[in-house]
Amino acid sequence: MTSCGGAGFFDAPEVVYSIQLHQNDHIGITLTPMGWDAVILMLNVCSEGSDCFTYSDGLGVDGVEIAEWTAAMDFSAYVIIEGASGGETGPYEIGIDYIP
Ligand SMILES: [Ca+2]
């Protein structure tokens, strides 16, 4: 696992999805924010201060975030949609794909 760029970050509202994965499942998440700067985190516990499996924070306002991860075992993971800075939030579209 990697650090998500520092603990205690991303002071913004979040939306949390719980996803069930099986060993060797490869998951790809595409997040398209509309009018704001988003971040995706994938965590094993529901706490943004913890280490994460993967995350994406690039490109600025309306930047599409893409994160991929392969499960090493059967797993329940949390996908967290965040604002990149304090109070930042807005509408979005999300796609979660299982990639064989
Ligand atoms: Ca971003």
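A residue counts as buried if 20 or more other C-beta atoms lie within 10 Å of its own, as exposed if 12 or fewer do, and as partly exposed in between. I am writing that at the top of the page, because Asp 62 has 13 C-beta neighbours inside 10 Å and so lands in the partly exposed class.

**Entry 1: what I am looking at**

This is a predicted model, so I checked the confidence before anything else. The average pLDDT of the protein is 83, and 83% of the residues score at least 70. Among the parts, β2 comes out highest with a mean of 94, while β4 is lowest with 82.

Next I listed the secondary structure. I found 7 strands and 0 helices, which reads along the sequence as β-β-β-β-β-β-β. How much of the protein is buried? Of its 100 residues, 26% count as buried.

I also looked at how far apart in sequence the contacting residues are. Taking contacts with a separation of 6 or more, 79% are between residues 24 or more positions apart.

**Entry 2: the open sheet**

I traced an open sheet of 4 strands, and its order is β1-β6-β3-β4 with antiparallel pairing. Which strands stand at the edges? They are β1 (14–21) and β4; each has a single partner strand, so one side of each has no neighbour in the sheet. On average, neighbouring strands here are turned by 20° against each other, ignoring direction.

A reminder to myself from class: strands of a sheet pair through backbone hydrogen bonds, either parallel or antiparallel.

Then I followed β3 to its partners. It runs antiparallel to β6, with 6 bridges joining the two. With β4 it pairs over 4 bridges, again in the antiparallel sense. Leu 43 was a handy residue to click on: it stands opposite Tyr 78 in β6, and its bridge partner in β4 is Cys 52.

**Entry 3: β3 and the core**

Is β3 covered or open? I counted 6 buried residues out of its 6, so the strand is mostly covered.

In a regular strand the side chains alternate between the two faces of the sheet. I therefore looked at the faces of β3 one by one. Ala 38, Ile 40 and Met 42 are buried on one side, and Val 39, Leu 41 and Leu 43 are buried on the other.

After that I looked up the largest nonpolar core. It has 18 residues, and Ile 40, Leu 41, Met 42, Leu 43 and Tyr 55 have the most contacts inside it. At least two core residues come from each of β2 (26–33), β3 (38–43), β4 (52–56) and β6 (75–83). Which strand gives the most? That is β3, with 6 residues.

**Entry 4: β2 and β7**

I moved on to β7, which covers residues 92–99. It is hardly covered, as 0 of its 8 residues are buried. Its pairing with β2 is antiparallel and runs over 8 bridges. One pair I noted there is Ile 27 with its bridge partner Tyr 98 in β7.

**Entry 5: Asp 25**

Where is Asp 25? I found it in the loop between β1 and β2. It has 18 other C-beta atoms within 10 Å, so it is partly exposed.

I also checked what it touches. Leaving out neighbours within four places in sequence, Asp 25 is in contact with Ala 71 and Tyr 98. Asp 25 and Thr 70 are 45 residues apart in sequence, but their C-alpha atoms are 5.6 Å apart in space.

**Entry 6: two positive phi values**

Most residues other than glycine have a negative phi. I went looking for exceptions and wrote down two.

Asn 24 has a phi near 75°, a positive value even though the residue is not a glycine. It sits in the loop between β1 and β2. Is Asn 24 buried or exposed? It is exposed, because 11 other C-beta atoms lie within 10 Å of its own and the limit for exposed is 12 or fewer.

Asp 62 is not a glycine either, and its phi is positive at about 70°. I found it in the loop between β4 and β5 (65–70). Its count of 13 C-beta neighbours inside 10 Å makes it partly exposed.

How values were computed:
Residues are numbered from 1 along each chain as its sequence is written. This is a predicted model: local features need pLDDT of at least 70, side-chain atom pairs count only at pLDDT 80 or more; totals for chains, interfaces and linings use all residues. A nonpolar core is a set of buried Ala, Val, Leu, Ile, Met, Phe, Trp, Tyr and Cys residues joined through C-beta atoms within 7 Å. Two strands pair if DSSP finds at least two bridges between them. Axes are lines fitted to C-alpha atoms, for helices over the stretch in contact, and angles run from 0 to 180 degrees between N-to-C directions. Two residues are in contact if their C-beta atoms, placed from the backbone, lie within 7 Å. pLDDT is the predictor's confidence in each residue, from 0 to 100.
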